Amino acid sequence: DLMGREEEAVDPTGALTYQSLKTFDWDELAITIGGVAFDCDEFSFDLDNVLDGDRHKFGTRLRRGICRKDIRKLTGKVKGEFDSVTAYNHFRNLDEVALVATWTGRLLGEDTNVPVYEKLTLTLPRITFTGETPPAKGPGRIELNLPFQCSATLDTDNSEASLVLINATE
């Protein structure tokens with residue numbers, strides 16, 4: 001949902017330009033959990049700001065300032081094939097680890113002889129795995145289906161996530 005307080009109609013005076021949409025594909029994604037590469041089949045991330053948008057009052061068409069009803073909730077899920085005990089141990093021990101999802105696209109150019117690629121990086125510095133113990137039901141592949149929740153960092157910015165997009169060279 002998109003919430004705002006009021007709108008203002010704008011009359012464009014110049015030619016309209018449209019931003020091109022960059023999409024990243026599945027083969028451009030790499031995930032690390034606790035600094036170790038995780039071979040992932042599925043990845044999802046949800047951010048619920050838990051905003052209170054129902055702040056309309058009689059006598060005005062404007063809504064009062066939007067505020068939170070609760071603490072925002074950042075959750076997600078990674079799913080992959082069991083190939084080492086590293087991710088499973090993070091689940092079992094209730095470790096708080098970092099999850100970094102990086103999509104790397106085409107080469108944009110170079111900056112001081114260093115290649116610069118289109119890149120989108122989602123960093124979740126403190127996640128804890130939740131959910132059921134991953135089952136091992138017999139022969140064949142063993143899947144780790146690991147839902148997680150994010151916690152705020154203990155440093156000065158106190159954030160649960162950061163998202164960085166690189167789409168141009170300077």
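**Exercise 1. Count the disulfides, then look at two cysteines.**

Solution. The count comes to 0 disulfides, where a disulfide is a pair of cysteine sulfur atoms within 2.5 Å. A disulfide is a covalent bond between the sulfur atoms of two cysteines. Next, sort two cysteines by cover. Buried means under 20% relative accessible area, exposed means over 50%, and partly exposed lies in between (1.4 Å probe, protein chains only). Cys40 has a relative accessible area of 25%, so Cys40 is partly exposed. Cys150 has 13%, so Cys150 is buried.

Two notes on the model apply throughout. This is a predicted model, in which local features need pLDDT of at least 70 and side-chain atom pairs count only at pLDDT 80 or more, while totals for chains, interfaces and linings use all residues. Residues are numbered from 1 along each chain as its sequence is written, and side-chain values use heavy atoms, with hydrogens and water left out.

**Exercise 2. Describe the overall make-up of the protein.**

Solution. Start with secondary structure. The protein has 1 helix and 10 strands. Helices (H or I, at least four residues) and strands (E, at least two) are DSSP runs, numbered from the N terminus. Along the sequence, the pattern reads β-β-β-β-β-β-α-β-β-β-β.

Now take the surface. About 12500 Å² is exposed, and carbon and sulfur atoms supply 49% of it. These areas come from the Shrake-Rupley method with a 1.4 Å probe; for residues, only the protein chains shown count as cover. Of the 170 residues, 23% count as buried.

Finish with contacts, meaning heavy atoms within 4.5 Å. Among contacts between residues at least 6 apart in sequence, 67% join residues at least 24 apart.

**Exercise 3. Trace the strand partners of β8.**

Solution. Two strands pair if DSSP finds at least two bridges between them. Take the partners in turn.

- Step 1: β7 and β8 pair in the antiparallel sense over 11 bridges. Asp111 has Val114 in β8 as its bridge partner. The hairpin of these strands has 2 residues between them, and Thr112 there takes a positive phi near 55°.
- Step 2: β8 and β10 (residues 162–166) run antiparallel, joined by 5 bridges. Thr121 stands opposite Val164 in β10.
- Step 3: β8 and β9 also run antiparallel, joined by 3 bridges. Ile127 has Cys150 in β9 as its bridge partner.

**Exercise 4. Find the largest nonpolar core and its contributors.**

Solution. A nonpolar core is a set of buried Ala, Val, Leu, Ile, Met, Phe, Trp, Tyr and Cys residues joined through side-chain atoms within 4.5 Å. The largest one has 19 residues; Ile33, Val78, Leu99, Ile127, Phe129 and Phe148 touch the most other members. At least two residues of this core come from each of β1 (29–33), β6 (73–81), α1 (85–92), β7 (97–111), β8 (114–129) and β9 (143–150).

Zoom in on Phe129. Leaving out residues up to four places away in sequence, Phe129 touches ten residues named here: Ile33, Val78, Ala87, His90, Phe91, Leu94, Val97, Leu146, Pro147 and Phe148.

**Exercise 5. Compare the settings of Leu94 and Thr102.**

Solution. Locate Leu94: it lies in the loop between α1 and β7. Check its backbone. Leu94 has a positive phi of about 55° although it is not a glycine. Its relative accessibility is 57%, so Leu94 counts as exposed.

Turn to Thr102, which sits in strand β7. Its relative accessible area is 17%, so Thr102 is buried. Beyond residues up to four places away in sequence, Thr102 touches Glu28, Leu29, Ala30, Lys119, Leu120 and Thr121.
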